[in-house]
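Got the model open in your viewer? Let's take a walk through it together, one selection at a time.

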Amino acid sequence: MILVSGTNTFELNPLTLSELERRILQAKQRSQVVYRYPSVEALEFEMKMRTHIVEAAKALYAGGANFATFAGSKCNEEYWIRTENGGFQLRGGVLPSVGINDIFENGHLYGFECAGAIIIILYKAVLDTVGEAVFNAYFQNLFLRDWQYDRDLSLITTYDKNEAYPGDVLYFKNPEHDPETPEWQGENVVMLDDNLYFGHGIGIESGQDIIAALNRMRTPGSTISAYLQDLVVHPDFEYLRSLSVRNGVQEVNRTNEFYGIAAKVGEGTFLF
């Protein structure tokens, strides 16, 4: 059930909603779990960002970025510095939006694990939802690796896979993976639709196909199948929405002053 603060009913313009967004709304309305929102705008923001997460996952898959372990990770060194632990540090003077977009535009220059792929997808979705100015103001000094480092996304964890929706991040665990390939101990995935997921290194597959792929990476003689955990992760949508509505102009101006670098618009070059 969906409840919006201050009203017993709410209306969303169906013309502004995609088919995916309508299905998410209907599924949340049918749920026994109560989903509370401070405003209709907050609900609309979540729907848009969930759509952008799904779109970013598909774009990353189509962009040709390679799967690689942390030891073998690679990046476009024009925009990123590869660190000793296999992460990517944004170079000084590079706009965060430029660095993130380059991963999707020049995927062949990149290689990373599935955990890093999820973080990249989420940053891209935030960028596409709040816009470049807000993103560049609040996500400076980007470092890409995994959940432990990228806390500025303000991720929320729940434990009920039956309450997962498109745009959520889930985890397929492989308890008897081959110790020679620890990268296949599990697969971080983005839920794209009912029983359809994207996992970097596996691709866009059903849950059954992801389990089958992980089972092929088990120790010989193993009997315990891979499985989908109850873990469900998503960004704090209301926190991210607040970035675009609080002190926006002041923060954007500070960002422009901080970078003071050229931004290309069409064929011309302009300075902030």
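Start by selecting β11 and β12, which pair in the antiparallel sense over 3 bridges. Zoom in on glycine 199: its bridge partner in β12 is glycine 203. The two strands make a hairpin with 3 residues between them, and in that turn you will find glycine 201 with a positive phi of about 100°. Keep in mind as you look around that this is a predicted model.

**One hairpin back**

Now add β10, residues 186-193, to the selection. Strand β10 pairs with β11 (residues 196-199) in the antiparallel sense, again over 3 bridges. Which residue of β11 is the bridge partner of aspartate 193? Show side chains and you will see leucine 196 there. Further along, methionine 191 stands opposite tyrosine 197 of β11. β10 and β11 form a hairpin too, with 2 residues between them. Asparagine 195 sits in this turn and has a positive phi of about 55°. While the side chains are on display, one rule of thumb helps: in a regular strand they alternate between the two faces of the sheet.

**The whole sheet**

Widen the selection to the sheet these strands belong to. It is open and has 6 strands, in the order β8-β13-β9-β10-β11-β12, with antiparallel pairing. Where does the sheet end on either side? The edges are β8 (155-159) and β12 (203-205); each has a single partner strand, so one side of each is left without a neighbour in the sheet. Direction ignored, neighbouring strands here are turned by 30° against each other on average.

Next, select helix α6, residues 207-215, which packs on this sheet. The helix touches β9 (169-173), β10, β11, β12 and β13 (227-235), and its direction makes about 40° with that of β9. Colour the buried residues of α6: Gly207, Ile210, Ala213, Leu214 and Asn215. Those buried residues pack against β9, β10, β11 and β12.

**Into the cores**

Hide the cartoon for a moment and look at nonpolar side chains. In soluble globular proteins, such side chains tend to be buried together. Here the largest nonpolar core has 58 residues, and Leu60 and Trp80 touch the most other members. Centre the view on leucine 60. Leaving aside neighbours within four places in sequence, leucine 60 is in contact with Ala65, Ile103, Phe104, Phe112, Ala117, Ile120, Ile121 and Phe198. Apart from this core lies another, of 12 residues, among them Leu170, Phe172, Ile210 and Leu214. Two of these names, Ile210 and Leu214, you have just met among the buried residues of α6.

**A second sheet**

Bring the cartoon back and select β4, β5 and β7. These 3 strands form an open sheet in the order β4-β5-β7, with antiparallel pairing. β4 (80-82) and β7 (143-144) are the edge strands, each pairing on one side only. β4 and β5 (residues 88-90) are joined over 3 bridges in the antiparallel sense; isoleucine 81, for example, has glutamine 89 in β5 as its bridge partner.

Helix α3, residues 96-105, packs on this sheet and touches β4, β5 and β7. Its direction makes about 65° with that of β4.

**A polar residue to inspect**

Stay with α3 and pick asparagine 101, which lies in this helix. Is asparagine 101 buried or exposed? Its relative accessible area is 15%, and because the cut-off for buried is under 20%, asparagine 101 counts as buried. Draw a distance to lysine 124: the two side chains make a polar contact of 2.6 Å. Leaving aside neighbours within four places in sequence, asparagine 101 is in contact with Lys124, Leu127 and Glu132.

**A meeting across the chain**

For the next stop, select glutamate 183 in the loop between β9 and β10. The C-alpha atoms of glutamate 183 and glutamate 113 are separated by 7.7 Å, though the residues are 70 apart along the chain. Beyond neighbours within four places in sequence, glutamate 183 is in contact with Phe67, Thr69 and Glu113.

**Zoom out**

Finally, reset the view to take in the whole protein. Its secondary structure comes to 8 helices and 15 strands. Of its 272 residues, 48% count as buried. Among contacts with a separation of 6 or more, 67% are between residues 24 or more positions apart. Switch on the surface to finish: the protein exposes about 13400 Å², and carbon and sulfur atoms supply 50% of that area.

Key
Residues are numbered from 1 along each chain as its sequence is written. This is a predicted model: local features need pLDDT of at least 70, side-chain atom pairs count only at pLDDT 80 or more; totals for chains, interfaces and linings use all residues. Side-chain values use heavy atoms; hydrogens and water are left out. Helices (H or I, at least four residues) and strands (E, at least two) are DSSP runs, numbered from the N terminus. Buried means under 20% relative accessible area, exposed over 50%, partly exposed in between (1.4 Å probe, protein chains only). Contact means heavy atoms within 4.5 Å. Accessible areas come from the Shrake-Rupley method with a 1.4 Å probe; for residues, only the protein chains shown count as cover. Two strands pair if DSSP finds at least two bridges between them. Axes are lines fitted to C-alpha atoms, for helices over the stretch in contact, and angles run from 0 to 180 degrees between N-to-C directions. A nonpolar core is a set of buried Ala, Val, Leu, Ile, Met, Phe, Trp, Tyr and Cys residues joined through side-chain atoms within 4.5 Å. A polar contact is a pair of N or O atoms within 3.5 Å; within protein, one must be able to donate a hydrogen and the other to accept it, and residues adjacent in sequence count only if both atoms are side-chain atoms.
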